[in-house]
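Colleague: I would like to learn how to read a structure I have not met before, one feature at a time. Could you take me through it slowly?

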Amino acid sequence: MSATESIKCSNNCFFSLIETKIAEGKSVKFRVKGNSMYPFLRDGNDLVILEKCSTDSLKPMDVILFRYRGIYILHRIIKREGMRLLIQGDGVISAIEQCTVDDVIGKVVKVRRSSGKTISVDSWRWILLSRLWRCSEIIRVLFLKLNSFAVRKTRVACRKSSFTATKYR
């Protein structure tokens, strides 16, 4: 398979392949699916670039791919207690996952926006915004609830609009 070739397969097949490539020391990239890391990672728009990492290097604020109850999740470490990690998506208000450092497959090192701009997660801007987002719980909760409300309103408006268009044909 060439460096630019794309394949289609099930999630388990896909992440198994990702896990193998990272274990071989290769960096991998894939498009983000889902809103659990919004606003930092955007569904269907952003690509993440992951690399292998040592268990000692894992720290709070790192975004990692890990195995959790038979599925693969890409979320942020919010706390480390020895070998145990507490993890939460940036777009998640209450749910927190737990795993061990052995469940970690790789760490996000860069994000490529749909505009083509590549952002290093080691950049001062990414670090500052990530820390502010995680520390401002009240603002984070309000923003996510307002965003969720706006998305629902937009979906309802789109459904009504398409219903009306269909009705008059």
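Modeller: What follows goes from the overall make-up to a strand, a loop residue and a pocket, and you should keep in mind throughout that this is a predicted model.

Colleague: How many helices and strands does the protein have, and in what order do the elements run?

Modeller: A good habit is to begin with the secondary structure, which here comes to three helices and eight strands. Read from the N terminus on, the elements run α-β-β-β-β-β-β-β-β-α-α. The protein has 169 residues, of which 32% are buried, and it exposes about 10,900 Å², with carbon and sulfur atoms supplying 56% of that area.

Colleague: Is strand 3 largely enclosed or open, and why?

Modeller: In a regular strand the side chains alternate between the two faces of the sheet. In this structure, strand 3, residues 63-68, is largely enclosed by the rest of the structure, because five of its six residues are buried, buried being under 20% relative accessible area.

Colleague: Which strands pair with strand 3, and in what sense?

Modeller: Strand 3 pairs in the antiparallel sense with strand 4, residues 71-81, over six bridges, and Arg-67 has Tyr-72 as its bridge partner in strand 4. The hairpin of these two strands has two residues between them, and in it Arg-69 takes a positive phi near 50°. Strand 3 also pairs in the antiparallel sense with strand 7, residues 104-112, over three bridges, where the bridge partner of Ile-64 is Lys-107.

Colleague: Is Met-37, which lies in a loop, buried or exposed?

Modeller: For a loop residue it helps to look at the accessible area and then at the contacts. Met-37 lies between strand 1 and strand 2, and Met-37 counts as buried because its relative accessible area is 3%, which is under 20%. Leaving aside residues up to four places away in sequence, Met-37 touches Val-63, Leu-74, His-75, Arg-76, Gly-89, Asp-90 and Gly-91. Met-37 and Gln-88, 51 residues apart in sequence, are 8.6 Å apart in space, C-alpha to C-alpha.

Colleague: What lines the second largest pocket, and which element gives the most to the lining?

Modeller: A pocket can be read by its volume and then by its lining. The second largest pocket holds about 300 Å³ of space, and helix 2, residues 124-135, gives the most to its lining, with five residues. The lining residues include Pro-39, Phe-40, Arg-125, Trp-126 and Trp-133, and by class the lining has seven nonpolar, one polar and four charged residues.

Conventions: Residues numbered from 1 in each chain as written. Predicted model: local features only at pLDDT ≥ 70, side-chain atom pairs only at ≥ 80, totals over all residues. Heavy atoms only, no water. Buried < 20%, exposed > 50% of the residue type's maximum accessible area, 1.4 Å probe, protein only. Helix = DSSP H or I, 4+ residues; strand = E, 2+ residues; numbered from the N terminus. Pairing = 2+ DSSP bridges. 1 Å grid on protein atoms, 1.4 Å probe; cavity = no way out; pocket = protein on both sides within 12 Å on 5 of 7 lines; lining within 4 Å. Points joined across faces, edges and corners; volume = space filled by probe spheres on them. Nonpolar A, V, L, I, M, F, W, Y, C, P; charged D, E, K, R; others polar. Contact = heavy atoms within 4.5 Å. Areas by Shrake-Rupley, 256 points an atom, 1.4 Å probe, with all protein chains shown as cover.
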